[in-house]
Amino acid sequence: MSHQLPDVQASSPDVTVGLSQVGVTGVEKLVKLARGDQRPIVLMAEFEVFVDLPSGRKGIDMSRNLATIDEILEEITREEAYRVEDVCGDAAERLLEKHDYTTTAEVSMTAKLVTREDTPASRIETQSTSRIIASATATEAGTREEIGAEVTGMTVCPCSQGMSESRARDKLAALGVDEETTEEFLQAVPQPGHSQRGHATLTVTTDGHPDLDLRDLIDVARDSMSARIYNMAKRPDEDHMTYEAHADAKFVEDCVRALAEGTVEEFDHLPDEAVIRMKQSNDESIHQHNAHAEREVRMGDLRRELDR
């Protein structure tokens, strides 16, 4: 976002218009996440930093404030942190203190998190990549923090699979296979459907910091799709992933519903006022368009919906 309004200032230098967000984007810093006795995880994080601009000021003194922003981020990221959302929260609160004319400061961060895991069948060690999403908004009333992640998985289209199953049923009947055997076979061997790479996003926003483990949140997101995928895979792993995905075919809407169910089951301790943002995007394999579904809802409302 531009830090000035050229048209307004050129024609009416004495007129100012308040702006809800003025700041900087693309600020890269190293962030170290503490892990007890283990070596910290080091992230290359990208920050966006904004403050609101009241109508009584023409600008935020960009050059001077950039030095202030850099100083705050340097200080915040120099020490190890246990929660990336707290890094954003601390930075937002300090920005609010430094800018006496502003009432709101926002800091957001994204970074890639690489973790080690074993493949599902051959048990070969590999790495998994997730995109961390964190942010904080500080006002005089307090600070709200968000933590979440975007992960990649695999989905299978139930409609496409249903057509394949219907074709298999007709062919087995033509071969004289009885109905009971046909049903047993189709239960054991899921039929093909067009598959795609899916991207699930799950974030939680609360007053203060969300009381959850980022790794648990990543697991909920990965399990919301038809199957997890892995960077390294031998043939037994490929067979495992293909079977698991076709045994749990899901539309893009189903993935968001699975995100909702997993969130309530895993994070039932979250307050009713926590805001849950769920999003699924599929890179369609047989279409030139992609499929997308999303939902933003308060935790209390989500609980009540699932109870019904």
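Trainee: Leaving aside its neighbours within four places in sequence, which residues is Ile-124 in contact with?

Mentor: This is a predicted model, and in it Ile-124 is in contact with Glu-117, Asp-118, Thr-119, Met-232 and Lys-234, once the neighbours within four places in sequence are left aside.

Trainee: Where is the place of Ile-124, and how exposed is Ile-124?

Mentor: Ile-124 has its place in the loop between strand 3 and strand 4, and with a relative accessible area of 26% it is partly exposed, because that label covers values from 20% to 50%. As for distance, the C-alpha atoms of Ile-124 and Ser-160 are separated by 32 Å, and these two residues are 36 residues apart along the chain.

Trainee: What is the sign of phi at Arg-123, and about how many degrees is it?

Mentor: The general idea is that most residues other than glycine have a negative phi. Here Arg-123, although it is not a glycine, has a positive phi of about 60°. Arg-123 lies in the loop between strand 3, residues 104-118, and strand 4, residues 125-139, and Arg-123 is exposed, with a relative accessible area of 52%.

Trainee: Turning to the helices, which residues are buried in helix 9, and where do they fall when seen down the axis?

Mentor: A residue counts as buried when its relative accessible area is under 20%, and in helix 9, which covers residues 299-307, Met-299, Gly-300, Leu-302 and Arg-303 are buried. Seen down the axis of helix 9, these buried residues fall within an arc of 160°, so they line one face of the helix.

Trainee: What covers the buried residues of helix 9?

Mentor: The cover includes helix 8 (252-266), strand 8 (275-283) and strand 9 (291-298).

Trainee: At what angle do helix 8 and helix 9 pack, and which residues meet there?

Mentor: Helix 8 and helix 9 pack at an angle of about 105°, with their axes 10 Å apart. That angle makes helix 8 roughly perpendicular to helix 9, because angles of 65 to 115 degrees are given that name. On the side of helix 8, Ala-260, Glu-261, Thr-263 and Val-264 take part, and they meet Met-299, Leu-302, Arg-303 and Leu-306 in helix 9.

Trainee: Is Asp-301, which lies in helix 9, buried or partly exposed?

Mentor: Asp-301 counts as partly exposed, at 33% relative accessibility. From Asp-301 to Thr-119 the C-alpha distance is 37 Å, and the two are 182 residues apart in sequence.

Trainee: What can be said of Glu-296, which lies in strand 9?

Mentor: Glu-296 counts as exposed, at 57% relative accessibility, and, leaving aside its neighbours within four places in sequence, Glu-296 is in contact with Val-275, Ile-276 and Arg-277. Glu-296 and Val-204 are 92 residues apart in sequence, and they are 9.8 Å apart in space from C-alpha to C-alpha.

Trainee: Finally, how many aromatic pairs does a search of the whole structure find, and which residue lies over the face of Tyr-230?

Mentor: The search of the whole structure finds zero aromatic pairs. Over the face of Tyr-230 lies Arg-222, at 5.5 Å from the ring centre.

Definitions and conventions
Residues are numbered from 1 along each chain as its sequence is written. This is a predicted model: local features need pLDDT of at least 70, side-chain atom pairs count only at pLDDT 80 or more; totals for chains, interfaces and linings use all residues. Side-chain values use heavy atoms; hydrogens and water are left out. Rings of Phe, Tyr and Trp (its six-membered ring) pair if their centres lie within 6.5 Å; planes under 30 degrees apart count as stacked, over 60 as edge-to-face and the rest as tilted. A charge sits over a ring if NZ of Lys or CZ of Arg is within 6 Å of the ring centre and within 35 degrees of the ring normal. Helices (H or I, at least four residues) and strands (E, at least two) are DSSP runs, numbered from the N terminus. Buried means under 20% relative accessible area, exposed over 50%, partly exposed in between (1.4 Å probe, protein chains only). The arc is that of the directions from the helix axis to the C-beta atoms. Contact means heavy atoms within 4.5 Å. Axes are lines fitted to C-alpha atoms, for helices over the stretch in contact, and angles run from 0 to 180 degrees between N-to-C directions. Angles under 35 degrees count as roughly parallel, over 145 as roughly antiparallel, 65 to 115 as roughly perpendicular and the rest as oblique.
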